[in-house]
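Colleague: Before I use this model, I would like to go through how its labels were assigned. Please take the terms one at a time.

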Amino acid sequence: MTNLAIELPGLALKNPIIPASGCFGFGREFSQFYDLSKLGAVTMKAATENTRFGNPTPRVAETTGGMLNAIGLQNPGVTKIIETEVPFLAEFDTCIIANIAGSSLEEYVRVASTFNNTNQVHALELNISCPNVKEGGIQFGTDPVMAARVTEAVKKASNLPVYVKLSPNVTDIVAMAKSVESAGADGLSMINTITGMQIHLPTRRPLIANKTGGLSGPAIKPIAIRMIYEVSQQVDIPIIGMGGIQTAEDVLEFLLAGASAVAIGTANFQNPYICSEIIDNLPIVLESYGFSSVQEAVGKGIIA
Amino acid sequence: MTNLAIELPGLALKNPIIPASGCFGFGREFSQFYDLSKLGAVTMKAATENTRFGNPTPRVAETTGGMLNAIGLQNPGVTKIIETEVPFLAEFDTCIIANIAGSSLEEYVRVASTFNNTNQVHALELNISCPNVKEGGIQFGTDPVMAARVTEAVKKASNLPVYVKLSPNVTDIVAMAKSVESAGADGLSMINTITGMQIHLPTRRPLIANKTGGLSGPAIKPIAIRMIYEVSQQVDIPIIGMGGIQTAEDVLEFLLAGASAVAIGTANFQNPYICSEIIDNLPIVLESYGFSSVQEAVGKGIIA
Amino acid sequence: MIKREKMQILSKTVIALDTIKMVFHNESISKYAIPGQFLHIQVENHTLRRPISIANCDQDTGTITILFKINGDGTKRLAAYEPGDLVDTLGPLGNGFPIDTDTPSTILLVGGGIGVPPLYYLGKTLKEKGATIISILGFQQKEHVFYEQEFSNLGELYIVTDDGSYGHKGVVTDVLSKVSAYDSYYSCGPLPMLKALTAKLEGKKGYISLEERMGCGIGACFACVLPTKDGNSYKKICKDGPVFASEEVRI
Amino acid sequence: MIKREKMQILSKTVIALDTIKMVFHNESISKYAIPGQFLHIQVENHTLRRPISIANCDQDTGTITILFKINGDGTKRLAAYEPGDLVDTLGPLGNGFPIDTDTPSTILLVGGGIGVPPLYYLGKTLKEKGATIISILGFQQKEHVFYEQEFSNLGELYIVTDDGSYGHKGVVTDVLSKVSAYDSYYSCGPLPMLKALTAKLEGKKGYISLEERMGCGIGACFACVLPTKDGNSYKKICKDGPVFASEEVRI
Ligand SMILES: Cc1cc2nc3c(=O)[nH]c(=O)nc-3n(C[C@H](O)[C@H](O)[C@H](O)COP(=O)(O)OP(=O)(O)OC[C@H]3O[C@@H](n4cnc5c(N)ncnc54)[C@H](O)[C@@H]3O)c2cc1C
Ligand SMILES: Cc1cc2nc3c(=O)[nH]c(=O)nc-3n(C[C@H](O)[C@H](O)[C@H](O)COP(=O)(O)OP(=O)(O)OC[C@H]3O[C@@H](n4cnc5c(N)ncnc54)[C@H](O)[C@@H]3O)c2cc1C
Ligand SMILES: Cc1cc2nc3c(=O)[nH]c(=O)nc-3n(C[C@H](O)[C@H](O)[C@H](O)COP(=O)(O)O)c2cc1C
Ligand SMILES: Cc1cc2nc3c(=O)[nH]c(=O)nc-3n(C[C@H](O)[C@H](O)[C@H](O)COP(=O)(O)O)c2cc1C
Ligand code: FES
Ligand code: FES
């Protein structure tokens with residue numbers, strides 16, 4: 001029996017498969033396809049202090065091997081999420097990760113501390129890397145000093161483990177990771193989307209109303225694997241890896257690169273059953289490559 | 001008659017189509033497929049001071065929508081290139097761009113000045129962005145101060161127009177572009193490849209002997225378009241755009257984003273006739289979107 | 001009940017310029033689909049599924065019909081599939097047109113271009129339930145016209161083309177004055193058409209079906225939202241729509 | 001003359017475990033291809049072409065045969081093509097085996113696994129030119145064995161399998177002592193096999209065909225280089241090879 005369980009700060013995962021923030025809503029829609037109790041955890045759509053309506057549409061566009069999105073953090077606000085979404089997810093036997101975002105350090109702190117009052121959320125994911133909002137978001141994610149400051153402030157305000165979600169839009173991802181590690185991060189999530197743009201020829205306008213959007217999907221997988229490998233060599237906190245995962249084989253590649261668990265985003269749009277199917281396939285794939293547990297595969301790439 | 005010609009510093013291009021450095025060798029192999037005089041220009045494989053043997057093999061790997069490469073600047077050295085390759089290319093009625101690389105500022109300068117002695121090369125492309133060599137290369141390409149220094153030194157040493165080839169592996173591409181512009185660059189080439197990695201599951205080793213390689217192909221096109229757009233808004237020197245171009249429609253997208261000419265890399269491997277075919281299709285595509293010349297389309301994206 | 005099904009193609013026909021009729025066999029989706037709902041179709045090597053309306057459905061034979069226009073790479077690839085091939089589909093998605101079956105009434109259908117398809121299944125269903133159907137269908141040019149026979153079988157029909165190359169010259173709103181009296185209208189088509197129509201028929205009871213580029217198609221990704229009329233809230237086209245009461249949303 | 005051709009598939013046969021024989025019709029490539037050359041094959045939705053050796057060629061009928069093993073996604077997709085389909089191919093590429101036709105001689109062919117294919121076209125050609133052929137073919141297991149009949153038609157044949165499930169148990173070098181006298185050898189197979197063989201046959205005149213992951217396949221991208229024996233220079237497998245004199249390169 002292949003052991004899929006893995007223990008991360010605050011997250012006793014039955015398996016390493018987690019739907020990625022923003023690609024799974026608050027779980028409701030996917031609960032009609034399979035029992036969410038099957039999942040290692042669920043990461044909720046980003047929460048901000050107040051209701052946000054997000055960017056104008058169109059908000060998504062297809063690219064070769066991937067897609068762009070500029071949703072713009074649309075969400076009902078942290079209070080409503082705690083009132084109506086968290087209780088729904090808490091019915092399932094799975095961990096809940098709250099993805100939090102803000103336009104200022106203070107907003108991050110207020111959103112984080114609001115989650116203190118619920119005992120149904122297991123960890124926070126600090127989204128300092130959303131490329132799709134005008135203020136906040138990505139600035140925190142591209143400057144190591146700013147990233148450390150917001151991490152430290154949120155750690156102080158929260159009683160939950162904090163995973164910092166890193167942006168790949170940086171020159172030195174290792175510097176970012178080290179900076180938030182020393183600021184007290186319990187873990188890292190990486191990577192968020194890469195800023196991109198596409199122009200529609202007939203109208204000469206960007207295919208996304210917001211001009212630029214975040215690139216996700218298999219196209220970015222090699223970039224994710226490289227960054228996770230580099231970071232895992234230099235930090236001691238665990239990594240939740242993501243970026244283009246579509247199969248259980250991809251999951252193993254992320255584990256070998258140094259991730260301890262993975263998140264699955266874009267693939268949910270092609271196949272709403274994807275997380276469930278990967279959980280079914282993972283033991284077979286692990287075994288066929290000689291691993292008897294997830295834990296055993298973490299960081300086992302031979303990268304001399 | 002659609003006018004494909006475009007005039008850039010040192011380069012009176014009959015059309016905006018240029019094979020990208022490293023994807024076309026020194027033209028010999030492709031000259032068996034079509035007359036190289038058809039091309040706007042040819043960018044040669046990178047030249048260093050001495051012969052380089054490059055990285056161990058495997059040096060390429062396929063990814064979804066793209067590929068990784070880590071050739072490692074293998075080349076016969078600048079003197080041999082001038083002796084044997086430039087005269088071959090000079091037989092064709094096309095412009096020649098010499099891509100130059102080095103491990104130190106001094107090497108860049110020596111390589112650049114060696115090209116002063118030939119009057120067959122029309123411009124230099126300063127490759128400060130090769131992610132596949134241990135020293136030099138990418139350091140110059142990720143630090144605006146270093147980039148400006150090498151640009152300035154090469155400009156001083158050379159009597160040719162200098163196009164600086166930018167790396168996308170940076171937090172702030174606009175800062176890089178502005179920095180080399182004020183250092184005297186005559187134009188920009190962008191983007192070079194994005195550093196990535198893939199792990200082969202059966203061996204648990206990277207698919208490329210050098211561990212990481214540079215990601216190219218359609219997968220990176222949205223990143224290229226975004227960066228070219230951003231930079232073109234902030235600099236006054238022309239841009240040679242590249243990254244995933246496969247069709248004449250793609251070329252128009254790059255022009256709309258702000259490129260004045262384009263380079264075609266990875267697509268040459270799938271179809272050795274690609275540059276020739278794109279040159280044939282470009283007038284039709286331009287016309288069908290209402291442009292009567294290449295010049296007219298440059299920067300005409302409506303990106304409010 | 002949304003399902004992910006491999007639907008088998010029974011037939012493929014070109015019914016107008018770049019316009020394809022494709023009939024599938026699938027017991028499950030054909031059983032549940034109601035007029036106005038759509039399918040989210042996966043074509044090979046594309047990241048995102050393509051939303052396509054259900055143009056007809058037969059529970060007895062277990063068949064589903066779609067009509068689509070070759071627009072970009074995805075629909076081009078879809079059009080290249082052959083009878084016998086299986087197509088990965090998520091459906092039926094969204095809320096259909098509300099069908100008031102209590103009082104027999106007269107219904108106006110207004111379709112523009114590739115917005116026509118869902119109205120056929122709607123008209124057929126309404127007629128079966130006893131309603132009188134009047135249809136106005138607008139197309140660019142003669143070569144784009146399709147389903148004329150099918151709609152004229154439902155009742156009174158007006159066809160308009162932008163250039164007058166077939167039927168009346170003009171846009172759908174130009175013939176509104178010609179049609180007999182009706183109780184409510186249902187419309188699907190390009191946004192400018194829907195804007196003009198709902199403005200002109202302000203106060204009339206009406207339902208419109210909207211399009212937006214989609215990610216998930218099931219309400220999870222927030223790609224396809226639009227504001228409600230009051231601007232204080234929003235709706236998801238894929239889940240809350242694609243059909244909305246005309247006074248409900250701001251278009 | 002390298003050409004880019006759409007080659008039509010005439011037939012497709014499974015000849016061993018995951019091993020496919022595919023016959024194409026193409027007048028142009030079949031006219032020029034010599035033993036040891038390869039094709040660079042484009043499969044849909046893959047960035048890079050796949051290099052596959054020419055296993056046989058018939059100028060009269062204009063046919064070309066390849067034998068390939070399903071290895072990863074590309075060869076899996078290639079194996080899914082059907083007779084009648086057109087396959088985008090660049091070829092013939094590389095330099096073939098040098099064929100010394102002046103003095104009739106005895107030739108040893110040593111093939112391992114999916115290195116066997118080019119040796120068949122070579123053996124056939126050499127035999128036609130009057131040479132005596134001895135072949136040693138190594139496979140993993142019984143299920144992998146192919147072209148036994150074809151090679152035994154050429155002459156003396158030894159088949160070895162790693163596990164002894166067919167023919168001799170062991171590796172190709174284990175049966176070298178059994179074969180009759182020969183003048184030179186030609187080999188293609190996995191690198192460890194080629195290393196062992198060239199070491200054991202040091203001093204003998206021999207040619208080996210090498211593999212490396214390729215970009216362009218025509219000598220332009222420097223993806224497929226290997227050092228010459230003296231270490232002072234390099235060769236491109238796609239253009240200078242894939243066949244090299246055994247003393248020429250460092251493997
Ligand atoms: C609810 C709904 C029902 C529809 N019903 C039909 C129908 O019955 N017949 C028909 O021909 N078309 C219909 N459409 C439009 C159809 O979805 C698009 O024509 C199709 O997605 C274009 O895909 P493509 O790959 O050919 O174009 P591309 O432009 O290459 O597609 C790129 C991306 O944009 C999206 N996209 C492009 N155009 C549209 C559009 N108009 N609406 C939504 N997304 C778009 C694609 O889905 C894809 O994600 C419907 C759209 C919606 C939202
Ligand atoms: C000159 C030459 C002749 C060959 N002749 C044959 C033949 O006759 N029959 C046969 O079955 N195989 C042959 N091969 C090996 C064949 O090219 C690979 O099996 C094939 O490319 C694998 O592709 P894939 O998509 O199935 O595997 P993947 O692993 O998915 O391929 C990923 C990438 O790696 C490359 N690659 C993987 N394995 C090899 C390999 N062994 N050699 C070179 N590139 C590789 C692929 O081309 C592709 O670019 C030959 C290789 C070379 C270089
Ligand atoms: C439509 C969409 C919405 C997203 N929204 C969020 C979000 O709210 N918060 C966040 O941290 N990441 C968000 N992401 C990023 C994903 O969580 C993930 O990091 C990224 O998409 C890479 O994974 P993938 O390639 O598997 O999609 C979003 C991605 C997509 C495609
Ligand atoms: C195999 C290979 C070799 C390359 N070698 C060089 C090089 O020597 N110098 C350079 O400036 N860029 C080099 N590049 C980068 C390309 O010139 C180009 O910037 C990049 O590949 C993006 O374009 P594409 O997506 O069209 O390939 C190389 C790219 C590839 C794929
Ligand atoms: S498409 Fe995802 S919410 Fe509508
Ligand atoms: S594959 Fe490009 S040089 Fe050999």
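Colleague: Which residues come nearest to ligand 3?

Modeller: The model is predicted. Ser21(A), Asn99(A), Lys165(A), Gly244(A) and Thr266(A) come nearest, out of 23 residues around ligand 3.

Colleague: What makes the pair formed by Lys45(A) and ligand 3 a polar contact?

Modeller: A polar contact needs a pair of N or O atoms within 3.5 Å. A side-chain N or O atom of Lys45(A) is 3.1 Å from an oxygen atom of ligand 3, so the pair counts. Backbone atoms take part too: a polar one of Gly217(A) is 2.8 Å from a ligand 3 oxygen, and an N or O of the Gly265(A) backbone is 3.0 Å from an oxygen atom of the ligand.

Colleague: How much of the accessible area of ligand 3 does the protein cover?

Modeller: On its own, ligand 3 has 610 Å² of accessible area, and the protein covers 98% of that.

Colleague: How many residues of each class are in the shell around ligand 3?

Modeller: There are 13 polar, eight nonpolar and two charged residues. Gly is counted as polar.

Colleague: How do you know that chain B and chain C do not touch?

Modeller: Contact means heavy atoms within 4.5 Å, and no such pair joins chain B and chain C, whose nearest C-alpha atoms are 10 Å apart. Chain A and chain D have no contact either, with closest C-alpha atoms 10 Å apart. Four pairs of chains are in contact, and chains A and B share the most contacts.

Colleague: Why is a stretch of chain C called "FAD-binding FR-type"?

Modeller: The name comes from UniProt, where an unreviewed entry lists residues 2-99 of chain C as that domain. Such annotations may be inferred rather than shown by experiment, so the name is a record's label. In the model, residues 2-99 of chain C are 14% helix and 48% strand.

Methods:
Residues are numbered from 1 along each chain as its sequence is written. Chains are lettered from A and ligands numbered from 1 in the order in which they are written. This is a predicted model: local features need pLDDT of at least 70, side-chain atom pairs count only at pLDDT 80 or more; totals for chains, interfaces and linings use all residues. Side-chain values use heavy atoms; hydrogens and water are left out. Helices (H or I, at least four residues) and strands (E, at least two) are DSSP runs, numbered from the N terminus. A residue is near a molecule or strand if one of its heavy atoms lies within 4 Å of it. A polar contact is a pair of N or O atoms within 3.5 Å; within protein, one must be able to donate a hydrogen and the other to accept it, and residues adjacent in sequence count only if both atoms are side-chain atoms. Accessible areas come from the Shrake-Rupley method with a 1.4 Å probe; for residues, only the protein chains shown count as cover.
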